[in-house]
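Subject: Handover of a structure

Dear colleague,

Please find below the structure that I am handing over to you. After it I set out what was found in it, beginning with the overall fold and then turning to individual places in the chain.

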Amino acid sequence: MNKQQETWKIAPSTHLFDLKLKEVWAYRDLLGLLVRRDFVSFYKQTILGPLWFFIQPLFTTIIFTFIFGNLAGISTDGLPKPLFYMAGITAWNYFADCLTKTSTVFKDNAAIFGKVYFPRLIMPLSIVVSNLVRFGVQMILFLFFIMYYYLYKGADFQPSWAILLFPLVITLMALLGLGAGMIISALTTKYRDLSFLVGFGVQLLMYATAVIYPLSTAVEKYPKYSWLIKYNPMTTLIEVFRFGFLGKGEFSWSYLGYTSTITLIILIIGVIVFNKVEKNFVDTV
């Protein structure tokens, strides 16, 4: 007795909000392969390999501590300087990596997209997942810093109840980077100049986020421009991240709600433009 075989109809998406989640789930093995590819291709010809996961945030923390903590004397809310900067760097790196790598997904994978069919959303999702693995490795380093300063240095800090919001914070970081990255990726299919501005723009955005200084310092010293920092969605997420693990930082349910709303809006816009561009981007890339 012959079994009825399921067939797939390959056609452009007819609805801007059609995420083809059923197909994405069916291609979950491809998602795993793409995540593995990212690791293998990036570290294949390196000497230190995955140790770069630890080296990059560690050296960045040392430089930030020397320049911003010691030379500039910027406040760290009473926290040990390396611990303060490590918290900001760990959280910021995950968002920045999701944004920058998703922003070039059409340009970097044009050859694959033009030859093989699979749900295009798989590609940006694989970037978010692979960066989540890197984030997990860097979190181990951050937790080591916490234990070192708490147990051996006797630093005056302790985790707060907001640590329970950690999964929500990481999810919002991922969705914010994913949505913004998809918007930029769609635009770069026609406007290549944007791809040159993304890396530079992300670096500038870091200085408008509470990574190297606490929000309280920005409000106190620069009240006229502090709204730019307060209404930056990543500022809220990094402050909640610090407040949860270190007990120091600004926390507000209203700002967290604002950040969640902005993230949702950016994600929806990203999905719309991504679905619209994927139909004919091969003709413009």
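Helices and strands are here DSSP runs, with at least four residues for a helix (H or I) and at least two for a strand (E), and they are numbered from the N terminus. Read in that way along the sequence, the chain follows the pattern α-α-α-α-α-α-α-α-α-α-α-α-α. In total there are 13 helices and zero strands. Please bear in mind that this is a predicted model.

The chain as a whole

The chain has 285 residues, of which 44% count as buried. About 15700 Å² is exposed, and carbon and sulfur atoms supply 66% of that area. Among contacts between residues at least 6 apart in sequence, 81% join residues at least 24 apart.

Helix H3 and Thr61

Helix H3 covers residues 52-71. Its 20 residues reach 27 Å from the first C-alpha to the last, close to the 28 Å expected at 1.5 Å a residue. At Thr65 the helix bends by about 30°. The buried residues of H3 include Phe53, Pro57, Thr60 and Phe64. Thr65, where the bend lies, is also buried.

Thr61 belongs to this helix. Its relative accessible area is 2%, so Thr61 counts as buried. The side chain of Thr61 reaches the backbone oxygen of Pro57 at 2.7 Å. Leaving aside residues up to four places away in sequence, Thr61 touches Pro82, Tyr85, Met86 and Ile89.

From H3 to H5

Just after H3, Gly73 takes a positive phi of about 65°. Asp77 follows in the loop between H3 and helix H4 (81-102). Most residues other than glycine have a negative phi. Asp77, although not a glycine, has a positive phi of about 60°. With a relative accessible area of 26%, Asp77 is partly exposed.

The loop between H4 and helix H5 (105-108) holds Thr104. Thr104 has a relative accessible area of 16% and is therefore buried. Its side chain reaches the backbone oxygen of Lys101 at 3.4 Å.

Helix H7

Helix H7 (residues 122-152) has 31 residues, which should span 45 Å at 1.5 Å a residue. The end C-alpha atoms of H7 are 45 Å apart, in agreement with that expectation. After H7 comes Gly154, whose phi is positive, near 65°.

Ser216 in helix H10

Ser216 is found in helix H10 (residues 215-221). At 25% relative accessibility, Ser216 counts as partly exposed. Not counting residues up to four places away in sequence, Ser216 touches Asp77 and Glu250. Asp77 is the loop residue with the positive phi described above. Ser216 and Glu250 are 34 residues apart along the chain, and their C-alpha atoms are separated by 7.3 Å.

Helix H12: Ile238 and the salt bridge

Ile238 lies in helix H12. Its relative accessible area is 0%, so Ile238 is buried. Residues that Ile238 touches, with those up to four places away in sequence not counted, are Gly88, Ala91, Trp92, Thr209, Ala210 and Val211. Ile238 and Ile170 are 68 residues apart in sequence, and 9.9 Å separates them in space, C-alpha to C-alpha.

How many salt bridges does a search of the whole structure find? The search finds one. Side chains of opposite charge can pair when their charged atoms come close. Here the partners are Glu239 and Arg242, whose closest N and O atoms are 3.6 Å apart. That distance satisfies the cut-off, because a salt bridge requires a side-chain nitrogen of Lys or Arg within 4 Å of a carboxyl oxygen of Asp or Glu.

Why are Glu239 and Arg242 separated by about one helical turn? The two are three residues apart in helix H12 (residues 233-246), which means that about one helical turn lies between them. An α-helix has 3.6 residues a turn, so residues three or four places apart point the same way. Both Glu239 and Arg242 are buried.

Yours faithfully

Note on methods. Residues are numbered from 1 along each chain as its sequence is written. This is a predicted model: local features need pLDDT of at least 70, side-chain atom pairs count only at pLDDT 80 or more; totals for chains, interfaces and linings use all residues. Side-chain values use heavy atoms; hydrogens and water are left out. Buried means under 20% relative accessible area, exposed over 50%, partly exposed in between (1.4 Å probe, protein chains only). A polar contact is a pair of N or O atoms within 3.5 Å; within protein, one must be able to donate a hydrogen and the other to accept it, and residues adjacent in sequence count only if both atoms are side-chain atoms. Contact means heavy atoms within 4.5 Å. Accessible areas come from the Shrake-Rupley method with a 1.4 Å probe; for residues, only the protein chains shown count as cover. The expected span of a helix is 1.5 Å times one less than its number of residues. The bend at a residue is the angle between axes fitted to the seven residues ending there and the seven starting there.
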